[in-house]
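Subject: Structure handover

Dear colleague,

I am passing this structure on to you. Please look through it first; my notes on what was found follow below.

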Amino acid sequence: MTARAIASRARLLGAPLDRALTSARATWSERRGLVLTLADDAGCRGQGEASPLSGFSRETVNDCLAALDSVHERLAPVDLSAAPVAAIEAALFPLERELAGVPAARFALETALLDLVGRRLGRSIAACLAGHEPHEPVPLSGLVALGEDAAERARALVARGVRTLKVKVGLRPFDAELAALLALRRELREPFALRLDANGAWPLEGARARLDALAPLAPEWIEEPTSAEGLCELGATAVPWAADESLAEPTLRAFVLERRAPSCAAVVLKPALLGGLLHARDLALRARAAGLEGVVTHLFDGPVAVAACAELALSLPAPRAAAGLDAHAGLAAYPTVALPQLAGAVIVPSGRAGLGLPLLDPEPLG
Ligand SMILES: [Mg+2]
């Protein structure tokens, strides 16, 4: 039995944000993306989202819109009797080349196919990816900005049961950030794991000394302490680091997976940057085989993409590292959708087929 896509539509989403989002790499005053809806010959639908992020993504929303125009006409049929991952790879095969430069569009199309196949088979996307329904929850990490209310925000997260806090650094002078982090460690009585993220802000010459200075904080790791080229030169460091956006560079990806980076402890997986759930899962499994943690995070994207990332996190083998998929401020730019995977401090199996979400674009497909 096959599922043949007979119609598709990509519809733009997004809005300006009341409060801008900030990292060391860029500031965003709006979030925009698209939702792709696919319909098959049995009347079933699936949806996916592409919300590329300026400063991180190489493509724009309009590039994704162009890549996904009438995309159903170029998909091969999906073999519903085959393993879902192999069936979706085969369905995408005719599009491999044209989607190579638009990873967020590939993510949207893959998600829509997985949603559709999951609904046809009565399985969650996590089950389609892993081959069995997951049962165990995945812990969430929570984001804390280093401002006046940092301790208050951190306490609220810990009170909710979140035990891994992540702080963006590289935004202010290093000494000020270090003092604020030390104060946060002092002020919070409850134990918590600390992750930092410099988004490549520090030059290689200064990065090693800064990593030395961070050692008293005992962070789990710091993401992207310097540029992709710098990470290859960093050598052994006082605190572990993690590769995130630089994984889009094939050279850095190979460098990390071949364990040529002695202090690299983890890879951070953003399906919108890595070209979808299948590529991200493959990278997570290869990282695990190399002794590295695999952490799934969002790209400040909308509800369909966040739900898809949660399904990916659920599909990974235990033990799973805390995932950076807590509800985020960028969701305010998208239609409000309850995410069945997010439950307090953990990601839980949705108990629903496919993505487990209502269709964001439920109108008939022309
Ligand atoms: Mg990061």
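Helix 12 and helix 13 are roughly parallel to each other, a label given to angles under 35 degrees, while angles over 145 count as roughly antiparallel, 65 to 115 as roughly perpendicular and the rest as oblique. Helix 12 covers residues 277–289 and helix 13 residues 303–315; they pack at an angle of about 30°, and their axes are 11 Å apart. Helices (H or I, at least four residues) and strands (E, at least two) are DSSP runs, numbered from the N terminus. Axes are lines fitted to C-alpha atoms, for helices over the stretch in contact, and angles run from 0 to 180 degrees between N-to-C directions.

The crossing of helix 12 past helix 13 is right-handed; that is the term if the near helix is turned clockwise from the far one by less than a right angle, and left-handed if anticlockwise. Leu277, Ala280 and Arg281 of helix 12 make the contact with Ala308, Leu312 and Ser315 of helix 13, where contact means heavy atoms within 4.5 Å. By class, the residues of this contact are four nonpolar, one polar and one charged. Ala, Val, Leu, Ile, Met, Phe, Trp, Tyr, Cys and Pro count as nonpolar, Asp, Glu, Lys and Arg as charged, and the others, Gly among them, as polar.

A note on the source: this is a predicted model, in which local features need pLDDT of at least 70 and side-chain atom pairs count only at pLDDT 80 or more, while totals for chains, interfaces and linings use all residues. Residues are numbered from 1 along each chain as its sequence is written, and side-chain values use heavy atoms, with hydrogens and water left out.

Helix 12 also meets helix 4. The axes of these two helices come within 8 Å and cross at roughly 95°, which makes helix 4 roughly perpendicular to helix 12. On helix 4 the contact is made by Arg106, Phe107, Glu110, Thr111 and Leu114, and on helix 12 by Leu277, Leu278 and His279. This contact has four nonpolar, two polar and two charged residues.

Next, the three-stranded sheet. It is open, has the order 2-3-4 and is paired antiparallel; two strands pair if DSSP finds at least two bridges between them. Strand 2 (5–22) and strand 4 (45–50) are at the edges with a single partner strand each, so one side of each has no neighbour in the sheet. From one strand to the next the twist averages 20°. Six bridges pair strand 3 (residues 27–40) with strand 4 in the antiparallel sense, and Leu38 has Gly46 in strand 4 as its bridge partner. Helix 4 (residues 103–121) packs on this sheet and touches strand 3 and strand 4, its direction making about 155° with that of strand 4. Helix 13 packs on the sheet too, touching strand 3 and strand 4, with its direction at about 100° to that of strand 4.

The other sheet is open as well, with seven strands in the order 7-8-9-10-11-12-13 and parallel pairing. Its edges are strand 7 (141–144) and strand 13 (293–296), each with a single partner strand, so one side of each is left without a neighbour in the sheet. Here the twist averages 30° from one strand to the next. Strand 7 and strand 8 (residues 164–168) run parallel and are joined by four bridges; Gly142 stands opposite Leu165 in strand 8. Helix 6 (residues 150–159) lies across strand 7 and strand 8 and runs at about 165° to strand 7.

There is also a metal site. Asp197 (OD), Glu223 (OE) and Asp244 (OD) coordinate the magnesium ion at 2.0 to 2.2 Å. Donors are N, O and S atoms within 2.8 Å of the metal (3.2 Å for Na, K and Ca); water is not among the atoms, so sites may look incomplete. Along the chain the donors follow the spacing D-x25-E-x20-D.

Two last items. Helix 7 (residues 174–187) and helix 8 (residues 204–214) pack at an angle of about 20° with axes 11 Å apart, which makes helix 7 roughly parallel to helix 8. Gly170 is in the loop between strand 8 and helix 7, and lies 8.6 Å from Pro225, C-alpha to C-alpha, with their positions 55 residues apart in sequence.

Regards
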